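User: I'm new to reading protein structures. Could you walk me through one, feature by feature?

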Amino acid sequence: MSRSDLLDLFLSCPAGVEPWLEEEVRAILPGTRVEALRGGVAVKSDATGVMRLNLESRLAQRVLIELVSGPYGSEDHIYSLARKVDWTQWISAANTIRVDTTAQRSPLRSINFATLRVKDAICDALREASGERPSVDTRYPDLPVVLHLGAEYATLYVDSSGEPLFKRGWREDKGDAPLKETLAAAMLAAAGWKGTPEAGGALHDPCCGSGTIAVEAAQIACGIAPGIQRRFAFERLLPFQSLRPQWQQLKDAAKARVHAPAVPIYCSDVAFRMVDFARRNAERAGVAQYIQFNGGDALERPAPSLPDGMPGTLMLNPPYGERIEVRGKAAAVRESSGSEQRDTTDEFFPRLAAHWKRAYTQSAAGWTAWMLCPDMKLPSKMRLKESRRIPMWNGPIECRMFRFDLVAGSARKT
């Protein structure tokens, strides 16, 4: 494969994120034909484009290079399909491999056996060429291969990313049910937040957990490439060895464009332990100096003071599917009276909306709130009218991104 060879690429993403991933890929590779499909986008690009997409995409889960596709009806057909690939162009027998399989309406009785047949084909091809076969490494393989089985057609890909792209390399401190970095970036993209006074303005996450939304926002505002701190599988593959100078140039250019943000970013959490986690993650991401961290109850913390004329964006992924234990003044009163009552989600959200109406409707430019939640009845519980609701998946959980425009008188009358 030469640098100029066009490759068929598929960038996977969570359901619902495809339109924003398509827009992002067009920005990373201007003039390239991009097609949004279910679960990702398809694009034709060269090897340099593969490197650029891995470095710059905030929304994709993986950058897959299509090798071969064809009809199948048995595991033997899968083996024959895999033997059509010249695997010696990708690795040597001294390298390691791993094969993962996804299936959708596949007629095969054993997906594991289909995976094994691909591995056999790769090993047989290398053994015939060199007399030796590669080893399997299930954690950090040199050649990660993905087999996708549809109802009639099978497709083989090389995973140029290796570890999924949400692993940016900076989040080591995590809380319960942490939000993936790619989903945080998708929330910001869906809200149209670009880290400028004109596109979203200031950002505040009052339920920040380990700080994923705030750190992603700060890196966007600073122009920091999401993949600048990590390694990728393509760096170990034969077709990319001659492109090491180009890869270094891409990384150097990404580092040279980093700048201070034009908008302030705030995050807070009721658990001071999580605020410490968020701060440490931000330090590793190189953006701690650009985020203001606070502890405190989301129901009590006042709205940040914004520069004159700058709008603000509230962005939060509150806990759901569990009780929210509200601390602060309300909890202190209960403890002094011996009460063991705790606020449930049904109590938390109406109180949050009431607090927003009091604290976030005084700014001249106004605040806009975006909340990711699986409860389709959330607006009625908050007694607020949403101006948008966007389908989005948090792993296996179907959610909606609700937008609330926080202006005086926005709460519904009861």
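User: How many helices and strands are there in the protein?

Analyst: Keep in mind that this is a predicted model. The protein has 11 helices and 15 strands.

User: What share of the residues is buried?

Analyst: Of the 414 residues, 54% count as buried. As for the outside, the accessible surface is about 18800 Å², and carbon and sulfur atoms make up 48% of that.

User: And what part of the contacts comes from residues 24 or more positions apart?

Analyst: Take the contacts with a separation of 6 or more: 78% of them are between residues at least that far along, 24 or more positions apart.

User: Let's zoom in on a helix. Is α6 enclosed or open to the outside?

Analyst: The general idea first: an α-helix has 3.6 residues a turn, so residues three or four places apart point the same way. Now the case here: α6 covers residues 212–222, and 11 of its 11 residues are buried, so the helix is largely enclosed by the rest of the structure. Among the buried ones are Thr 212, Glu 216, Gln 219 and Cys 222.

User: What covers the buried residues of α6?

Analyst: The cover includes the helices α5 (181–190) and α8 (272–285), along with the strands β9 (202–205), β10 (265–269), β11 (291–295) and β12 (312–316). Just after α6 comes Gly 223, with a positive phi of about 70°.

User: What about a positive phi in a residue other than glycine?

Analyst: Here's the background: most residues other than glycine have a negative phi. Arg 105 goes the other way, with phi near 60°. You'll find Arg 105 in the loop between β5 (96–103) and α4 (111–130). Its relative accessibility is 64%, so Arg 105 counts as exposed.

Arg 383 also has a positive phi, near 60°. Arg 383 sits in the loop between α11 (378–382) and β14 (388–394). With a relative accessible area of 44%, Arg 383 is partly exposed.

User: That loop leads to β14. Which way do β14 and β15 run, parallel or antiparallel?

Analyst: On strands in general: in a regular strand the side chains alternate between the two faces of the sheet. In this model, β14 and β15 (residues 397–406) run antiparallel, joined by 7 bridges. One pair to look up is Asn 394, whose bridge partner in β15 is Ile 397.

User: How many residues lie between β14 and β15 in the hairpin?

Analyst: There are 2 residues between the strands of this hairpin, and Gly 395 in the turn has a positive phi of about 65°.

Key. Residues numbered from 1 in each chain as written. Predicted model: local features only at pLDDT ≥ 70, side-chain atom pairs only at ≥ 80, totals over all residues. Heavy atoms only, no water. Helix = DSSP H or I, 4+ residues; strand = E, 2+ residues; numbered from the N terminus. Buried < 20%, exposed > 50% of the residue type's maximum accessible area, 1.4 Å probe, protein only. Contact = heavy atoms within 4.5 Å. Areas by Shrake-Rupley, 256 points an atom, 1.4 Å probe, with all protein chains shown as cover. Pairing = 2+ DSSP bridges.
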